[in-house]
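Subject: Structure for your review

Dear colleague,

Please find below the structure that I am handing over to you, with its sequence. I should be grateful if you would read the notes after it with the model open.

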Amino acid sequence: MSQQFIIALDQGTTSSRAVLFNHDSQLVDVSQQEFTQHFPKPGWVEHDANEIWDSQFRVLQQLVANNQLTPDDIAAIGITNQRETTVVWNKKTGKPICNAIVWQDRRTAARCDEIAAQGWKQKIQEKTGLVLDAYFSASKVQWILDNVEGARALANNDELLFGTIDTWLIWNLTEGAVHATDPSNAARTMLFNINNGEWDQELLDLFSIPQSMLPQVRDSSGDFGELTFQGKSVPIAGVAGDQQAALFGQVCFEEGMAKNTYGTGCFLLMNTGSERIDSKSGLLSTIAWSINGKTTYALEGSVFIAGAAIQWLRDELQFIESAGESESLALQASPESDVVVVPAFAGLGAPHWDMYARGAIFGLTRDSGRPEIAKATLQSLAYQIYDVLNAMEKDSGIELSQLNVDGGAIANDFLAQFQADVLQKPINRPKVLESTALGAAYLAGLQTGYWQYSDLLKVREVEQEFKPKLPVKTVETLLKRWHKAVDRSKQWIDLDE
Ligand code: ADP
């Protein structure tokens, strides 16, 4: 085979990466570059879309140069990206008309409250699978059209384009030839009807967004144009939002398979097959991917504070110098310690949903020290995932047989073992923890025939499987204590404060 590699472009919230994979799904090389976070006002988070493009293109060039690649060596390019972040640019000049509004940005919360008060919540949930929130792109696009000078007139004149980051990268990579996205990204805009796979006119009207701004929606394994370099072209053949790409990279192709990514927060996704499943506990229904015109759905639950709690141990409490040290410190804890940490620093998400909860430490005794608090903090990640997974199993009626994991924090063996214990299910940690980039590579490689499904099922290499060791009775006692602690941390902030 002359084409030896696939390149995944992994455009994240804090850095842009280009990752080189070979046919055995091995990660051959990575180039990475961080870019600037802008916080112009409290609650506002912006990125310079030009800087995102520059950094993404530079890491691609670096990867090509470092590995002396020619276009003939690269079978295809896949793209995965931070989701929901909103870019609006001028069709003629190719210049963004303002900074990109990042998914974390809360400036449109009041607009979302207004829409909720008009009774739209349920309709939006039915159409998009999402909970009405400023997090998603719709209200961000409206904000740009209403607040950037001249934007509304340009939009009405068909001179502006909207895209999530995947679309912005595709448009630049193809020098403006392709304005497209995939259903996993479209599903996060709150403008896309996940039942019929089309942009929803009623929602576009609600947010006053002209249809002409929207990208075409193409299959996740599909034709997104070509990147031309050294006089030859390489197909861009796979696109998915970061969490969906990770689900694909973890080879969760079958209904009922799930993955959890342990990063700053946690994202748990379960493949629910060709049917969307609606949650009774506030989880999201979303599109996992669309291949050969066939849509696969997923249930998604997230935990706001996961690896961030380890950063808190390191940066605020200064118990450790690096996140990795949390493991050796936890192992020094007294086995009798009953300390529980509830890291509700930003309230509690699914399935508790209490924005007024705050972080707390319970069960302190005179001998509680750094090791006991570090251990309890690591345990809190596993407990939170237990709660989300439990809700997901109830919603879907599917009981998981194992959990596939990835992300930076699950390199921690103590956490991985404790997660297996709490779930009473095996935890399956792959060799390549870069599931997100791998998923984008897989989507692209399947499209161009570089890989077949059977190749992918064969190559997923397990680095370690953690089997439950703690007796069920012990786990039940631990979970009871955890839930007691969660209950006591709820409603901490008074509404009138
Ligand atoms: P993100 O993509 O959200 O930036 P990563 O997947 O890179 O996250 O994981 C980084 C997070 O994982 C950080 O919050 C860090 O505190 C945590 N982390 C990294 N290594 C470890 C470890 N060995 N033990 C516990 N937490 C860790």
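The notes below take the ligand site, then a pocket, then aromatic pairs and backbone features. Please bear in mind that the model is predicted.

Ligand site

The ligand is surrounded by 14 residues, and T264, G307, Q311, G408 and N412 come nearest. Three of these make polar approaches to the ligand. A polar side-chain atom of T264 lies 2.6 Å from an oxygen atom of the ligand. At G408 the approach is through the backbone, with an N or O atom 2.8 Å from a ligand oxygen atom. For N412, a polar side-chain atom is found 3.0 Å from a nitrogen atom of the ligand. The ligand taken alone exposes 580 Å², and the protein buries 66% of that.

Helix α10, residues 307–315, gives the most to the shell around the ligand, with four residues. By class, the shell holds nine polar residues and five nonpolar ones, and no charged residue.

Second largest pocket

The second largest pocket has a volume of about 310 Å³. Its lining comprises 18 residues, of which K375, Q379, F414, F418 and L470 lie nearest the centre of the pocket. Two or more lining residues come from each of α12 (370–396), α13 (413–423) and α16 (472–489). The most is given by α13, with four residues. The lining divides into nine nonpolar, four polar and five charged residues. Charged residues are thus present in this lining, whereas the shell around the ligand has none.

Aromatic pairs

The count of aromatic pairs comes to 17. One of them is formed by W312 and F345; it is tilted, with 5.1 Å centre to centre and 55° between the planes. This pair links distant parts of the chain: W312 belongs to helix α10, while F345 is in the loop between β19 (340–342) and β20 (360–362), 33 residues apart. Helix α10 therefore appears twice in these notes, as it also gives four residues to the ligand shell.

Backbone features

Most residues other than glycine have a negative phi, and most peptide bonds are trans. Two places in the model may be checked against this background. A350 and P351 are joined by a cis peptide bond, with omega about -5°. P351 is in the loop between β19 and β20, the loop that also holds F345. S25, a residue other than glycine, has a positive phi near 65°. S25 is located in the loop between β2 (15–22) and β3 (27–34).

With kind regards

Definitions and conventions:
Residues are numbered from 1 along each chain as its sequence is written. This is a predicted model: local features need pLDDT of at least 70, side-chain atom pairs count only at pLDDT 80 or more; totals for chains, interfaces and linings use all residues. Side-chain values use heavy atoms; hydrogens and water are left out. A residue is near a molecule or strand if one of its heavy atoms lies within 4 Å of it. A polar contact is a pair of N or O atoms within 3.5 Å; within protein, one must be able to donate a hydrogen and the other to accept it, and residues adjacent in sequence count only if both atoms are side-chain atoms. Accessible areas come from the Shrake-Rupley method with a 1.4 Å probe; for residues, only the protein chains shown count as cover. Ala, Val, Leu, Ile, Met, Phe, Trp, Tyr, Cys and Pro count as nonpolar, Asp, Glu, Lys and Arg as charged, and the others, Gly among them, as polar. On a 1 Å grid over the protein atoms alone, a cavity is a set of points where a 1.4 Å probe fits but cannot get out, and a pocket is an open set with protein on both sides within 12 Å along at least five of seven lines; lining residues have an atom within 4 Å of a point. Grid points are joined across faces, edges and corners, and a volume is the space filled by probe spheres set on the points. Rings of Phe, Tyr and Trp (its six-membered ring) pair if their centres lie within 6.5 Å; planes under 30 degrees apart count as stacked, over 60 as edge-to-face and the rest as tilted.
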